[in-house]
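Here are my notes on the model you sent. They are set out as numbered points, with the local pairing taken up before the overall picture.

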Amino acid sequence: MEIKDDLVVQFNYTLRDEKGEVLETNEGHDPVAYLHGHQNMMPGVEKAIEGKNVGDKFSVTLPASETYGERIENAEQRIPAKHLMGAKVWKPGMRAMVNTDQGQRQVTVVKVGKFMITVDINHPLAGRELTFDIDIVDAREATAEEIAHGHAHGVGGHQH
């Protein structure tokens, strides 16, 4: 099945940095599922998958602009410590999750105060050229409900 808009695509991936070192993989876990053509996936990854078929395995190296975005200098913000999720004690360099109007966002702790913490709001991988090893394991027609909601449901997708 050729990958096109309105298909729920499932794939496995390994993410590598500029030196080829593995940063992240879903190997041994459920595949990632997303609704193709509905801006549910990084633009570069979605473009790379477009037109491929179930069973295809390939690698694609993408610039920052097509993955986590360019790094924005001085993108720091002070937030109350109680809003950081992921640890009880914070130290510079640690990563945390913060709820925002656009959903959860990963941030990096820069400076720790008694009640306020300064974080860098850039994604930790922003500004980097990244290589994705992708294995397309399945694709199916999206349901009318998935199209109406704008995302995939079920394993690897969004749960209601």
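1. Strand 7 and strand 8 make a hairpin, with three residues between them. The two strands run antiparallel and are joined by four bridges, strand 8 covering residues 116–120. One pair to look at is V109, whose bridge partner in strand 8 is V119. Note that this is a predicted model.

2. Strand 7 also forms a hairpin with strand 6, here with two residues between the strands. The pairing of strand 6 (residues 95–100) with strand 7 (residues 103–112) is antiparallel and extends over six bridges. T100 has G103 of strand 7 as its bridge partner.

3. As for the chain as a whole, its secondary structure consists of two helices and nine strands. Read from the N terminus, the order of elements is β-β-β-α-β-β-β-β-β-β-α. Of the contacts between residues at least 6 apart in sequence, 62% link residues at least 24 apart.

4. The largest nonpolar core contains 21 residues, and F11, V45, I49, F132 and I134 have the most contacts inside it. At least two residues of this core come from each of strand 1 (7–16), helix 1 (43–49), strand 4 (57–62) and strand 9 (130–141). A second core, separate from this one, has nine residues, among them L84, W90, A96 and I117.

5. What does F11 touch, beyond residues up to four places away in sequence? Its contacts include V45 and I49, as well as I134, D135, I136 and V137. N26, P31, V32, Y34 and M41 are also touched by F11.

6. V22 lies in strand 2 (residues 22–25). Is V22 buried or exposed? Neither label applies: V22 counts as partly exposed because its relative accessibility is 48%, and exposed would require over 50%. Outside its neighbours within four places in sequence, V22 contacts T14, L15 and R16. V22 is 110 residues from F132 in sequence, yet their C-alpha atoms are 9.7 Å apart in space.

7. Some overall values complete the note. The C-alpha atoms fill a box of roughly 55 × 40 × 30 Å along the principal axes. Of the 160 residues in the chain, 36% are buried. The exposed area is about 9,600 Å², with 48% of it supplied by carbon and sulfur atoms. The chain carries 17 positive and 25 negative charges, and the mean positions of the two sets are 13 Å apart.

Note on methods. Residues are numbered from 1 along each chain as its sequence is written. This is a predicted model: local features need pLDDT of at least 70, side-chain atom pairs count only at pLDDT 80 or more; totals for chains, interfaces and linings use all residues. Side-chain values use heavy atoms; hydrogens and water are left out. A nonpolar core is a set of buried Ala, Val, Leu, Ile, Met, Phe, Trp, Tyr and Cys residues joined through side-chain atoms within 4.5 Å. Buried means under 20% relative accessible area, exposed over 50%, partly exposed in between (1.4 Å probe, protein chains only). Contact means heavy atoms within 4.5 Å. Accessible areas come from the Shrake-Rupley method with a 1.4 Å probe; for residues, only the protein chains shown count as cover. Lys and Arg count as positive and Asp and Glu as negative; His and the chain ends are not counted. The place of a charge is taken as NZ of Lys, CZ of Arg, CG of Asp or CD of Glu. Two strands pair if DSSP finds at least two bridges between them.
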